[in-house]
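Visitor: Hi, I have a structure on my screen and some quick questions. Can you take me through it?

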Amino acid sequence: MTTDQVIFIILSVFTLGTALLVVTLRNLFHAALALMATFLGVAGLYVMLDAGFLAAAQLLVYIGAISILLIFAIMMTRRLMNTTESAFNSQGGASLVTAVIGFLVIAWAVSQFSRVLPQVVQKQVDMKPMSPDVIPYIQSSVAAMGQAFVDPNGFVLPFEIASVLLLAGLIGAIIVAWPKAEDEES
Amino acid sequence: MSQEWQFIAIFIVLSPIFPAAPVILNHLLGPRKPNPIKQQTYECGIETVGDSWVQFKVQYYIYALVFVIFDIEAVFLFPIASAYDQLGLFAIIETVIFVVLLAMGLAYAWGRGALEWI
Amino acid sequence: MSFNIVEFLKSLVGLNVSEYLKTVVGDQAWVNFVSDVLGVVIISTFCLLIVIFLIWLERKVIARMQDRIGPNRVGGRYGLLQTVADVIKLLIKEDITPAGADKVAYWLAPFLTVIAALLIWAVMPFAPGVIGVDLDIGVFYVLAISSASVVALLLAGWGSNNKYALLGAFRSVAQLVSYEVPMILALLVPILLARSMSTVDIVRAQTVPFIFVVPLAAVIFLISALAETGRTPFDLLEAESEIVSGFHVEYGGMKFGMFFLAEFVNTLFMSGFFATMFLGGYRFFGLENLVVGGDWAIGRLLSLVVFFVKMFAVYFVFIWIRGTWPRVRVDQILNFNWKFLVPLSLALILTIAVLDKVIPADAGIYARSSILLLANLLLAMIAIEIMRTVARRKRKGSSVDAVLDVNEVEHHTHDAHHEVAAAH
C-alpha cells in the first residue's frame, strides 16, 4: 500500500464516521460539530485530488460560513439544543428508498466517470514530457478556472445564474426571518 | 498528494503538539483541589438562573447569512482575479454584473432594515 | 517547493544540510519529509516564543503611551522576564473545568484556536525561499483557515456553560464574520494587481509597494485586520466591563493562556501579512538580490531583517491604535462594517478592476500606479464626504438624544430610521 492509499483510507473512515455521528448524536450542537468534521474530511479528500482551491473553498464556505449559520439557526430555535429525543423517527421506510435511489444515481455517475477515466489518465500520460505551452496551464489551474467562469464558451451562464440564486436566497431568507419591518414602521 | 500540500498535511498533524504541551504541563504542575463552589459558573458572583443555552435573536442569523453570500462571491472572484490578464471586455462586464447583483442583495438587506443592530 | 530552510542555510553559510540528510535517511522522499517536519517545528516554535517578547513589548509601549513605566521589576530594569514569570504563573494554576460544561467543546476550543493561528503562518514569506510552502492559492488558504477558526470561539462559548461566555462568543462571531467580508474584498485588490494568489508572487509584483498604489485597500485591510484579531477599538471579544471577559471567561491556567497566545500570534500574523501584501514584504530596493564575494547571498539574510522591520512597524501601529482609541459599541462596529466598509470595498474593487483594463497595457508601471493612486484618493475623499454628510444629518436629527444619551435603544432606532431614509 502506498502512503497515499493509507491517507485516503484514514480520511474516508474519518469522513464516514463523523457523518454517521451527525445523524446519530442527540445533542444538536454536537451533531453540528460532527458535520464540520465531515466537511473537513471532504476537504482532505479534495487535497488528495490536488484540488487545493476546492479544499480551501470547502473550508471557507462550509466550515467558516454554512456551519456558523447552522449553529446560529440552532441557537435561534428555542429549546432545540437540549432535546433528548430519539435520533430515529417514523419515516425510516421512505428515507431508505430515497437513500437507495441516491446511491444508485451516484454509483451510475461514478461508473460513467470510470469509463471516461482511462482516457483522462492516458491524456495525462501523453502529456508527461510536458511541452512548454502546457506547463503554465497546468500550474495555474486556478487561473484557468477563473477564466472558465467568465468565458462565453465556458461556464458564464451558470456563473451568472449562481449570483441570481444567491441574491434570491438572501432576499428570501430576509423575508422569512425578518418579519418585523412592517410592525416597526407603524 | 502534491509536494506542496504534503507540508500542510504534516503541519496539521504536528500542530496539536504545540498547544498540547503547555496545557498538559499545566495539568501536571497545577494543584488539584476541586470543590463545588470553585467549579460554579462565574457570573459576577450571582447564582446562575436557568439554563445557559438561551435563545438568541435573529440578528446574528442575518449577519451570518449576508456573510455566506459574500463568502461564496469571494470563491468566484479569487480565481477571476488571478486570471485577470487573460480576460476580455466581455468577461469584465460579466464580473461587474456578478458583483453588482450581490451588492443589490446587500442594498436590499440595508433598505429592509435587516442590518440594524437591535 | 517545501520549506527551504535547508537551501537557505546552504546559500547563507554554505552549510549543505540537504546532502547530509540524504546520507542519513537515503531516499529523496524522506529528505523532503524531514525538511518539512523541520520547517513545521521551526515556524511553530518561532510563533510560540515570539509571543513572550510581543506581550512584553505591548505592555511596555502601552505603558509609555499612557505615561507609565510598565514592567520594570522581573529581569532587570526593563522587566524583560516579566512575561516569562507570567507564563510560569499560568503553568502552576489549577486546571478547573466548570460544572455543567460541555467537556468536548470546552477542551477542544483552545486547541483549535492555536492550531489555526499556527497553520496560517505556513504561507508567510519571510525572505526569498524562507517560506513554509508557496501555495498557488496562498492568500485564499489564509482566509480559509482563519474563517474556519471562528468555530473555536463558538465551541468555547458553548462549552463553558456560562451566559456571558455564550453571549461573548456570539457577539465575537458576528463581528468576525462581518469583518471578513471587507477583508476578503480588500485582499482581492493586491491579487488583482499581482494576477496571483501566491504570497510570493504578490511580493514579487510589488516593484512599487501596493500601499502607494492602492492605499484605500490597505486601510480597509488594516481596519478589518484589527477587527479580525479582536484588538482595540474592536475588542468586544473581551469587553471586560460588559461581559466580564467574553467567550473565555470560564477558562483559566494554560487553557486561557492558549487563547491569549493565539490572539498575539494572529496579531503578529496580520502585521506580517499587511507587510507582505501592501509594503512589499521582504523587498527593499533590490536588497534581497545582493550577493557578496561571488556566492554568499547576504541579501537573503538582509531581506529577512527587512521583513521583520516592516512586520514590527505594522505591529507598532496596532499597539499605537490600541493606546489611542476607546472601544466601539457593538452596534457601531457592525454598522460601520456593513454600511461603510463593505460598500466602499465593493466600489474599490470594481474601480480598480475597470481601471486596470482601461489603462493601456503599454503604460509604464509608474504611470499605471499613479493613475490607480489618484483613483484611490478620489474614492476615499468621496467616501469621507458621504460619511460626513450622513453624520451631520444624524447629529441634527437627534441632537437632544445625543446630548443626553440616556435612552440608548430609542436613540439608536431613531438613527436607524435616518440611515434608512438616507439610503433611499
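Guide: Sure, we can go through the chain contacts, then a surface patch and two loops.

Visitor: What kind of model is this?
Guide: This is a predicted model.

Visitor: OK. How many residues make the contact between chain C and chain B?
Guide: Chain C gives 89 residues and chain B gives 69. Together the two chains bury about 7,200 Å². Of that area, 74% is on carbon and sulfur atoms.

Visitor: Which residues of chain C lose the most area there?
Guide: E94(C), K163(C) and W338(C) lose the most to chain B. Together they make up 10% of what that side buries.

Visitor: How many salt bridges are there between C and B?
Guide: The count is 1. The side chains of R195(C) and D85(B) form it, at 2.7 Å from N to O. There are also 6 residue pairs in polar contact between chain C and chain B, counting pairs with both residues at pLDDT 80 or more.

Visitor: Which helix gives the largest share of C's side?
Guide: On the side of chain C that touches chain B, α8(C) does, with 15 residues. By class, that side has 57 nonpolar, 15 polar and 17 charged residues.

Visitor: Switching partners. What about chain C and chain A?
Guide: Here 22 residues of chain C are in contact with 21 residues of chain A. Chain C and chain A bury about 1,900 Å², with 84% of it on carbon and sulfur atoms. F140(C), W158(C) and F170(C) supply 29% of the area that chain C buries against chain A, more than any other three residues.

Visitor: And how many salt bridges there?
Guide: The count between chain C and chain A is 0. For polar contact it is 1 residue pair, with both residues at pLDDT 80 or more. The largest share of C's side facing A comes from α6(C), with 6 residues. The residues on that side divide into 17 nonpolar, 2 polar and 3 charged.

Visitor: New topic. Where's that nonpolar patch on the surface?
Guide: Residues of chains B and C form it, among them L25(B), L29(B), V84(C) and I88(C). The patch has about 780 Å² of accessible area together. α2 of chain B and α4 of chain C each give two or more residues to the patch. V84(C) sits in α4.

Visitor: Last one. Which residues have a positive phi?
Guide: D50(A) is one, with phi near 65°. D50(A) is in the loop between α2 and α3 of chain A. D67(C) is another, with phi near 60°. D67(C) lies in the loop between α3 and α4 of chain C.

Visitor: Why point those out?
Guide: Because most residues other than glycine have a negative phi.

Terms used:
Residues numbered from 1 in each chain as written. Chains lettered and ligands numbered in written order. Predicted model: local features only at pLDDT ≥ 70, side-chain atom pairs only at ≥ 80, totals over all residues. Heavy atoms only, no water. Contact = heavy atoms within 4.5 Å. Buried area = accessible area lost by both parts, 1.4 Å probe. Salt bridge = Lys/Arg side-chain N within 4 Å of Asp/Glu carboxyl O. Polar contact = N/O pair within 3.5 Å; in protein donor to acceptor, adjacent residues only side chain to side chain. Helix = DSSP H or I, 4+ residues; strand = E, 2+ residues; numbered from the N terminus. Nonpolar A, V, L, I, M, F, W, Y, C, P; charged D, E, K, R; others polar. Patch = residues over 30% accessible without salt bridge, like charges linked within 9 Å, V, L, I, M, F, W, Y side chains within 5 Å. Areas by Shrake-Rupley, 256 points an atom, 1.4 Å probe, with all protein chains shown as cover.
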